[in-house]
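User: Please take a close look at one part of this model and follow its surroundings outward. I would like a single connected account, with the cut-offs behind each term.

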Amino acid sequence: NVAYAIENNAVVAIDVVNMIGERVISQYVGSQASGNYSTRVDVSDLAAGIYMVNVTINGTTNVTRVTVK
């Protein structure tokens, strides 16, 4: 699950990128009201390795590193 907080109404998108910069998952969440959220991103089809999860909220991107086993 990918957790994030929104202070004001915002448009949210989540991308998972591999270590060579290829987007392997793109999930448009859409418009959400302010609050705390947790969104499921299915990584079961990805090869084991390290990935970057990019959460973009109104054009601002927060990056988190994750390991898929």
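Analyst: Tyr4 is buried, with a relative accessible area of 8%; buried here means under 20% relative accessible area, exposed means over 50%, and partly exposed lies in between, with a 1.4 Å probe and protein chains only. The model is predicted, and local features need pLDDT of at least 70, side-chain atom pairs count only at pLDDT 80 or more, and totals for chains, interfaces and linings use all residues. Residues are numbered from 1 along each chain as its sequence is written, and side-chain values use heavy atoms, with hydrogens and water left out.

A search of the whole structure returns one aromatic pair; rings of Phe, Tyr and Trp (its six-membered ring) pair if their centres lie within 6.5 Å, and planes under 30 degrees apart count as stacked, over 60 as edge-to-face, and the rest as tilted. The pair consists of Tyr4 and Tyr37, and it is classed as stacked because the ring centres are 5.7 Å apart and the planes stand at 20°. It joins distant parts of the chain, with Tyr4 in strand E1 and Tyr37 in strand E4 (residues 35-39), 33 residues apart. Strands (E, at least two residues) and helices (H or I, at least four) are DSSP runs numbered from the N terminus. Unlike a buried residue, Tyr37 is partly exposed, at a relative accessible area of 25%.

Tyr4 also belongs to the largest nonpolar core, which has 15 residues; Val2, Tyr4, Ile14, Val16, Val55 and Ile57 have the most contacts inside it. Strand E1 (2-6), strand E2 (10-17) and E5 each supply at least two residues of this core. Such a core is a set of buried Ala, Val, Leu, Ile, Met, Phe, Trp, Tyr and Cys residues joined through side-chain atoms within 4.5 Å. In soluble globular proteins, nonpolar side chains tend to be buried together. Ile57 touches Tyr4 directly: leaving aside its neighbours within four places in sequence, Ile57 is in contact with Tyr4, Ala5, Ile6, Ala10, Val11 and Val12, where contact means heavy atoms within 4.5 Å.

From the core the account passes to the sheet. Four strands form an open antiparallel sheet in the order E3-E2-E5-E6. Its edge strands are E3 and E6, each pairing on one side only; two strands pair if DSSP finds at least two bridges between them. Neighbouring strands of this sheet are turned by 15° against each other on average, direction ignored, with axes fitted as lines to C-alpha atoms (for helices over the stretch in contact) and angles running from 0 to 180 degrees between N-to-C directions.

Strand E5 (residues 49-57) pairs with strand E6 (residues 60-68) in the antiparallel sense over nine bridges. Tyr51 stands opposite Val66 in E6, and Val63 in E6 is the bridge partner of Asn54. The two strands form a hairpin with two residues between them. Asn58, in the loop between E5 and E6, has a positive phi of about 50° although it is not a glycine. Most residues other than glycine have a negative phi.

Two further residues of E5 can be compared by burial. Asn54 counts as buried at 17% relative accessibility; beyond four places in sequence, its contacts are Ala13, Ile14, Asp15, Val17, Thr61, Asn62 and Val63. Ile50, at 32% relative accessibility, counts as partly exposed, and outside the same sequence window it touches Met19, Arg65, Val66 and Thr67. Ile50 and Asp15 are 35 residues apart in sequence and 14 Å apart in space, C-alpha to C-alpha.

On the other flank, E2 and strand E3 (residues 23-32) pair in the antiparallel sense over eight bridges. Val16, a core residue, stands opposite Ile25 in E3. E2 and E3 form a hairpin with five residues between them, and Gly21 in the turn has a positive phi of about 90°.

The structure holds one salt bridge, a term that requires a side-chain nitrogen of Lys or Arg within 4 Å of a carboxyl oxygen of Asp or Glu. Here the side chains of Arg23 and Asp15 meet at 3.7 Å, N to O. Its two members differ in accessibility: Arg23 is exposed, with a relative accessible area of 57%, whereas Asp15 counts as buried at 13%.
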